[in-house]
Amino acid sequence: MSTKKTSPAAAQAKPLTAPDIQAMKGGDKICCMTAYDYPSALISDQAGVDVVLVGDSLAMVVLGMEDTLSVTMDQMVHHTLAASRGVKRALLVGDMPFMSYATVDLALKNGGRLMAEGRAKAVKLEGGLPVVPQIEALTAAGVPVMAHVGLTPQHVAKFGGFKAQGKSADAARALIEDAQAVEAAGAFAVVLEAIPVEVAALITDALTIPTIGIGAGNVTDGQVLVYHDVLGLFDRFTPKFVRRFAELGEASREAIETYCAEVRRTTFPGDKNTFYMPEGEVAQVRKIKVKTKKK
Ligand code: KIV
């Protein structure tokens, strides 16, 4: 397997920590990508992303589920551990799935699992003021927390769909309070999802921790996108805030069509893909009497 094309950032393989990411506030933009297994984490890390997030979007883009609500803690641990094997430099963040942090005790138990079993170096959870006790307990226990406010997909039922948030002055005020609350609780960064750029700018200015935007305009301290969206591998829909930087779904389909065509034409496998016996053995092997069932 080729590991030739490594970006300059990834080549200096000093692993990034949560404090390193926090210290990037206001400096170089923080580049974050989701990844869910060894190859996607390896490719993202080699490309030089700063944060690899094993998002619970796993449910939709990898497991084909309708939303993120049904992915389990065991599945998140399994995929986080797989991704950890591909990451050398980026900070690996494991996402806490729906209801896995409904209480402080659950948050400690499951955040601990993502770190100890999944080898994550930080966790992410969704929500503002209501999850302050969970963020405080996790950070006190040595688990760095990335918070997530705005369109929090685990609240899709409450929102009535995947809808942008914070569009009225009142909603914007509540979002700013949420962001300030997670910072005060000890979060080292906060994801702002699907909110107006004006609100993202206010929050980014108000906080001392980095904001990582997805659908929050270009004013945040960093950006995050879903691997399958960036590469054109997700078939169901493309949110407004996504840019597809490649069409690997189409390229993969074409490659597999070519493979099938070559198998059917018997042009694959070719000579280069075939093992041959040493010359002296060929005559011997032809003498072997093989019982055949043919009549
Ligand atoms: O689950 C996920 O992929 C996420 C990111 C989009 C922030 O939460």
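Helices are taken here as DSSP runs of H or I with at least four residues, numbered from the N terminus. In this predicted model, helix H12 comprises residues 248–265, and Thr 266, just after H12, adopts a positive phi of about 60°. The 18 residues of helix H12 extend 25 Å from the first C-alpha to the last, close to the 26 Å expected at 1.5 Å a residue.

The UniProt annotation "binding site", from an unreviewed entry, covers Asp 56, Asp 95 and Glu 126. These positions are spread over 71 residues of sequence but cluster in space, with a largest C-alpha distance of 10.7 Å. Asp 56 lies in the loop between strand S2 (51–54) and helix H4 (58–61). Its relative accessibility is 5%, so Asp 56 counts as buried. With neighbours within four places in sequence left aside, Asp 56 is in contact with Thr 68, Val 71, Met 76, Asp 95, Pro 97, Glu 126 and Gln 154. Two of the annotated positions, Asp 95 and Glu 126, are therefore among the contacts of Asp 56, where contact means heavy atoms within 4.5 Å.

Glu 126 is placed in the loop between strand S4 (122–124) and helix H7 (132–140). Glu 126 is likewise buried, because its relative accessible area of 1% falls under the 20% limit. Under the same exclusion of sequence neighbours within four places, the contacts of Glu 126 are Asp 56, Tyr 101, Val 131, His 148, Thr 152, Pro 153, Gln 154 and His 155. Gln 154 is thus listed for both Asp 56 and Glu 126.

The largest nonpolar core contains 76 residues, of which Ile 135 and Ile 203 touch the most other members. Helix H9 (residues 169–185) gives the most to this core, contributing seven residues. Beyond residues up to four places away in sequence, Ile 203 touches Leu 175, Ile 176, Ala 179, Leu 192, Ile 195 and Thr 211.

Two aromatic pairs are counted in the model. The ring centres of Phe 234 and Phe 237 are 5.5 Å apart and the planes meet at 85°, so this pair is edge-to-face. Phe 234 is buried, with a relative accessible area of 7%, whereas Phe 237 is partly exposed at 39% relative accessibility. The rings of Tyr 259 and Phe 268 have centres 6.0 Å apart and planes at 70°, and this pair is also edge-to-face because the angle is over 60 degrees. Tyr 259 counts as partly exposed at 47% relative accessibility, and Phe 268 counts as partly exposed at 36%.

Technical notes: Residues are numbered from 1 along each chain as its sequence is written. This is a predicted model: local features need pLDDT of at least 70, side-chain atom pairs count only at pLDDT 80 or more; totals for chains, interfaces and linings use all residues. Side-chain values use heavy atoms; hydrogens and water are left out. A nonpolar core is a set of buried Ala, Val, Leu, Ile, Met, Phe, Trp, Tyr and Cys residues joined through side-chain atoms within 4.5 Å. Buried means under 20% relative accessible area, exposed over 50%, partly exposed in between (1.4 Å probe, protein chains only). Helices (H or I, at least four residues) and strands (E, at least two) are DSSP runs, numbered from the N terminus. UniProt positions are given in the numbering used here, feature names are shortened, and annotations may be inferred rather than shown by experiment. The expected span of a helix is 1.5 Å times one less than its number of residues. Rings of Phe, Tyr and Trp (its six-membered ring) pair if their centres lie within 6.5 Å; planes under 30 degrees apart count as stacked, over 60 as edge-to-face and the rest as tilted.
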